[in-house]
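Open the model in a viewer and keep the sequence panel at hand. The stops below go from the whole chain to one sheet, then to the open and closed spaces.

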Amino acid sequence: MSRLTYSSFGAHGDGVTDDFEAIKAAHDRANETGETVYADEGKTYYLGQHEQAIIIRTSSVWTGATFIIDDRNILPEDPARTKSVFYFSSDEPPYEVNGIDSLKAGQRNVGVSFSAPVLLYISNANERQYIRFGANANTGAPKQELVLVDMDGNVDPSTPIMWDYEKITSAVAYPVGDTPITVTGDTFVTRANAAPREYTYYARNITVKRSNLTISGITHLITDEGDTGAPYAGFLTVSHCNNVTIENAVFTGHKVYKLSTNVNNSMGTYELSFNSSNSITVKNSRQTNDITDPTFWGVMGSNYCKNLTYDGCVFSRFDAHQGTYNATIKNSEIGHQKLSVVGKGTLCVENTVFHSDTVVALRGDYGCTWQGEVILKDITINNTGTPILINAGWQNHNFGYTCYLPERIVVDGIKLANKDYFYVLPKLAPDIDKPFVDGAENKNPVELTKEILIKSNPEGYKHYVSVNTELFKDVNVIIE
């Protein structure tokens, strides 16, 4: 039986002819027959401007091929700038769920049954959260999250309900029983846009809305970045799905462009974008440019995810904008944009090198909040200034939720490039846990850290809770 290849559907692979329709035809056939699709080794496929995506529901082998995505002549007003090139689609479509009127944090069953396990996306449009502070301030987003539930409506313990919902205004089920598929290799080249420096995000990319997918061996390169350009929403975007692994991959940080109307505002521009998904793992992957070079933006951003993992990665940052539940960073190296997060659950960092003075930078624009435990084990900090393990700020601003410094912090082995001491917590304004700060009403009373465990300190560094000895006087410090 012959293999299903792009050339069998008329693809030229000469790097000049637009092969979009031929590649699309090959995947359309595979989606009907269940076959694996093969790129032709040694070929270069040019993908020009189109207003639809290539839908993929079967395994694909791209090894030995190159794909060119040319954005140079796509204008910001053109709808094609946000159309994915490849779209990994679920076997089953999402559907609305009726009968869920309200939910409580920690509730173990959602009160309805399903024909198969799903990721249940719940929201209350009547309440606003993540009310952003700072240069990109906004009025927030509806209270929302996702939970993994079985056929009987039982909530998986790994994705607990985090918030109280007095009213459920929307509940959508995303089936997670997709047949496992794999895509392997190879090289993608984005010829970057030269649009004005505005928030007109481009997204000619690979979109994943399919559970149980492994992407292995992909490389993304960027060319043609000039003096101006609009940002990218992510070369590889994952949303509303469960169990996605990205391994042995290479990405490229985008050049940082300043907003044309505000030269102090750098526009976020991404390679990896994870949204409203559970159990995403990035393994043994790196970026092409220097992870300590601030002229390139951090490769990853995420919103509303649960159970994110870096394992063996060398990236300029790990980021959770609008919260994550549980995150693990291990055997990795993190660059200039740090481990930048807000969220809940357990944040576990192990055997990882940080090129900054900080390990965990709690995001100030979302309240510097982590409700739960932070575990730091065998950490190396290539610091030049004073090392602060958990760094944060404080703003008298209503973020739409109570903000927390980590309830418990475990330090289990640390090595510093400079200094013979470290602070666990940052310097903060006095009385941030009180009803009033400097005589003004405190719109953001913070729940303070309760316990710090210094489990091991083999280098014998001096350690301090914070410069604010009075603010943190009740913290229980345990030294083993």
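What follows is a tour of a predicted model, one selection at a time.

**The whole protein**

Start with everything shown as a cartoon. The protein has one helix and 44 strands. Switch to the C-alpha trace and turn it along its principal axes: the trace spans about 75 × 55 × 45 Å. The radius of gyration is 23 Å, which agrees with the value near 23 Å for a compact globule of 480 residues. Colour by accessibility next; 56% of the 480 residues count as buried. Of the contacts with a separation of 6 or more, 74% are between residues 24 or more positions apart.

**A four-stranded sheet**

Select β9, β10, β11 and β12. These four strands form an open sheet, and walking across it gives the order β9-β12-β10-β11, with antiparallel pairing. At the edges are β9 (95–96) and β11, each of which pairs on one side only. Now narrow the selection to residues 118–129, which are β10, and residues 170–175, which are β12. Six bridges join these two antiparallel strands. To find one position across the pair, pick L119: Y174 in β12 stands opposite.

**The largest pocket**

Which residues should be selected to find the centre of the largest pocket? The pocket holds about 570 Å³ of space, and R132, Y270, W297, H321 and R363 are the closest to its centre among the 25 lining residues. Add β23 (272–275) and β26 (300–311) to the view, since each is worth showing here: both supply at least two residues of the lining. The largest share, three residues, comes from β26. Coloured by class, the lining shows seven nonpolar, 13 polar and five charged residues.

**The second largest pocket**

Move to D433, K434, E470, L471 and F472. These residues lie nearest the centre of the second largest pocket, which is lined by 13 residues. The volume of this pocket is about 200 Å³. Its lining has five nonpolar, two polar and six charged residues.

**The largest cavity**

Clip into the interior for the closed spaces. How many cavities of 30 Å³ or more does the structure hold? There are five. The largest cavity has a volume of about 150 Å³. Select Y130, M162, W163, G323 and G343 to reach it; of the 20 lining residues, these lie nearest the centre. The elements that give two or more residues to this lining are β11 (141–149), β26 (300–311), β29 (322–330) and β32 (343–354). From β29 comes the largest share, four residues. By class, the lining of the largest cavity has nine nonpolar, eight polar and three charged residues. Two of these names have come up before: β11 is an edge strand of the open sheet, and β26 also supplies residues to the lining of the largest pocket.

**The second largest cavity**

For the last stop, select A192, N193, E225, G229, A230, P231, Y232, H254, K255, Y257 and T269, the residues that line the second largest cavity. This cavity has a volume of about 50 Å³. Coloured by class, its lining divides into five nonpolar, four polar and two charged residues.

Technical notes. Residues numbered from 1 in each chain as written. Predicted model: local features only at pLDDT ≥ 70, side-chain atom pairs only at ≥ 80, totals over all residues. Heavy atoms only, no water. 1 Å grid on protein atoms, 1.4 Å probe; cavity = no way out; pocket = protein on both sides within 12 Å on 5 of 7 lines; lining within 4 Å. Points joined across faces, edges and corners; volume = space filled by probe spheres on them. Nonpolar A, V, L, I, M, F, W, Y, C, P; charged D, E, K, R; others polar. Pairing = 2+ DSSP bridges. Rg over C-alpha atoms; globule rule 2.2 N^0.38 Å. Buried < 20%, exposed > 50% of the residue type's maximum accessible area, 1.4 Å probe, protein only. Contact = heavy atoms within 4.5 Å.
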